Amino acid sequence: MTVFGVQLALAIGMSLVDSYRRRGKKPKPFPVTPPSPVAVGEGEVTVYTYGKDLYEDMLAAIAGAKRQVLFETYIWKGDAVGERFKQALVDAAARGVDVYCIYDGFANLVVSPRFKRFPPSLKVLRYPVYGAGWRFFDLGRYGRDHRKVLVVDDAVGFVGGYNVGAAYETEWRDTHVRITGPGVWDLKRAFADFWNLHRRRRIGHSERPLLLETASTWEPMIRFQRNIPRLWMFPIRGMYLEAFNRASRNIWITQAYFLPDQQLVDALKDAARRGVDVRLLVPLKSNHVVADWISRGYFSQLLDAGVRIFRFKDAMVHAKTATVDGTWSTVGTANIDRLSLQGNYEINVEIIDGALARTLEEIHLVDESNSIELTSGEWEARDLHRRFTESLLRPLRPLL
């Protein structure tokens, strides 16, 4: 208990110091890639790397909705951007569109209660702060809803790392995709499955189930992998392992918080040792300083194996993407950490397409141009107190 207390006190202290240092600092611009659609199967996939571009297209899709809007987010700020989304959803419902909304209660505890009051025309599911009820020993009921999804009229779907808020619009570097064609239906099903699993069942106050018609077609080049803690289903980790183990040319990863288990680390090391170009891009300084320090505990073994590590500067990179061998790619909500891969509700789209993989490679190279590569010599020369802090925080890995 004493050892754990020291670790926890250090983590809290580091967070407070980091928060103090960030006060008053203005965000700096960073390079972005303009969104451009790529034909995939019978539809298109557009990759967004700048929140302003993404939000405009999401709001335009909601404004053009004729039948149904399905909106789900982890963080929904009550600022000007959050209000724009809320008003767009209210306006859609006012013209007869069926509007469903899901947001995570814990992630929005600091958001004004007034913002979280919705008119009855919207069907709103607040994923509870504590969802275990009397089943407090059931670990599957403690996962957060970390997903970010928008589906409009079976015609267009959005999924990726962007939450909704003013800071994310211009200050954070994240990645989202817009999907059209048959692949949209699977994203709609992912939303409906979550709604039906968690809708409140009370006498006279139950949310109605969201029923879907059978899909007439499906897109074999696009698959959605969903982590569902309640059902103990965590396929995203397996998706990554399979891709890493099959790689023969390159593995390029961008992650906001890189806290993998040892098997994932070994898969990347093995790939690098067999000649695969393995690159990991992470924030130079993320919004969670403790996660940064714990993540650094993996750098020695990765660098020794030949993995190249890039640290994105001047902005928080929040993307969760990877591309392998110019063929396989994924964009989604899951970080490569234990909370995402073995705890939270997450969704990643997995796409098998060369043109889209090239797009993500181009984005990765643009991000590298705004990054500092970490060399083995620089890493081995780090201060003694940094080594000590990394070692002291290492036991917290299973919690993050």
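This passage walks through the predicted model, from its overall make-up to its aromatic rings, central strands, nonpolar cores and a few individual residues.

A good place to start is the chain as a whole. It is built from 13 helices and 18 strands. Of its 400 residues, 55% count as buried. The contacts reach far along the sequence: among those between residues at least 6 apart, 77% join residues at least 24 apart.

Aromatic rings offer a helpful way into the fold. A pair of aromatic rings is described by the distance of the centres and the angle of the planes. The structure holds 22 aromatic pairs. One of them is formed by tyrosine 55 and phenylalanine 85, whose rings meet edge-to-face, with 5.4 Å from centre to centre and 80° between the planes. This pair links distant parts of the chain, since tyrosine 55 belongs to helix 2 (residues 51-63) and phenylalanine 85 to helix 3 (residues 80-94), 30 residues apart. Tyrosine 55 has a relative accessibility of 1% and therefore counts as buried. Phenylalanine 85 counts as buried too, because its relative accessibility is 0%.

A second pair, made by phenylalanine 191 and tryptophan 195, has another geometry: the ring centres are 6.5 Å apart and the planes lie at 15°, so this pair is stacked. The two residues are four places apart in helix 5 (residues 183-198), which means that about one helical turn separates them. Both phenylalanine 191 and tryptophan 195 are buried.

Some rings also join into a group. Tyr55, Phe71, Trp76, Phe85, Tyr103, Phe115, Phe118 and Tyr162 are linked by ring pairs into a cluster. A member of this cluster, phenylalanine 115, has lysine 86 over its face, 5.0 Å from the ring centre. A similar arrangement can be seen at tyrosine 100, where the charged end of lysine 123 sits over the ring at 5.1 Å from its centre.

The strands come next, beginning with strand 4 (residues 98-104). Six of its seven residues are buried, so strand 4 is largely enclosed by the rest of the structure. Strand 3 (residues 68-73) runs parallel to strand 4 and is joined to it by six bridges. Within this pairing, leucine 70 stands opposite tyrosine 100 of strand 4. To get from strand 3 to strand 4 the chain passes through helix 3, and the resulting β-α-β crossover is right-handed. Strand 4 is also joined to strand 5 (residues 123-127), by five bridges, and these two strands run parallel. Here aspartate 104 is found opposite tyrosine 127 in strand 5.

The nonpolar interior can be followed in a similar way. In soluble globular proteins, nonpolar side chains tend to be buried together. The largest nonpolar core of this model contains 77 residues, and among these Phe85 and Ile251 touch the most other members. Phe85 is thus a familiar residue, having already appeared in the aromatic cluster. Leaving aside neighbours within four places in sequence, isoleucine 251 is in contact with Phe244, Leu268, Ala271, Val276, Asp277, Val278, Arg279, Thr323 and Val324. Apart from the largest core lies another, of 33 residues, which includes Leu70, Ile222, Ile347 and Leu356. Leu70 has been met before, as the residue opposite tyrosine 100.

Three further residues deserve a closer look. Aspartate 367 lies in helix 11 (residues 354-368). Although aspartate is a charged residue type, this one counts as buried, because its relative accessibility is 2%. Not counting residues up to four places away in sequence, aspartate 367 touches Pro31, Arg173, Leu281 and Phe312.The remaining two residues are noted for their backbone. Most residues other than glycine have a negative phi, and most peptide bonds are trans. Aspartate 154, which is not a glycine, has a positive phi of about 60°. Its place is in the loop between strand 6 (149-152) and strand 7 (156-160). With a relative accessible area of 32%, aspartate 154 is partly exposed. Tryptophan 232, also not a glycine, has a positive phi of about 55°. This tryptophan 232 lies in the loop between strand 10 (222-227) and helix 6 (235-246). Its relative accessible area is 54%, so tryptophan 232 counts as exposed.

Conventions:
Residues numbered from 1 in each chain as written. Predicted model: local features only at pLDDT ≥ 70, side-chain atom pairs only at ≥ 80, totals over all residues. Heavy atoms only, no water. Phe/Tyr/Trp six-rings, centres within 6.5 Å; stacked < 30°, edge-to-face > 60°. Buried < 20%, exposed > 50% of the residue type's maximum accessible area, 1.4 Å probe, protein only. Lys NZ or Arg CZ within 6 Å of the ring centre and 35° of its normal. Pairing = 2+ DSSP bridges. Right-handed = clockwise from strand over helix to strand, strands pointing away. Core = buried A, V, L, I, M, F, W, Y, C linked by side-chain atoms within 4.5 Å. Contact = heavy atoms within 4.5 Å.
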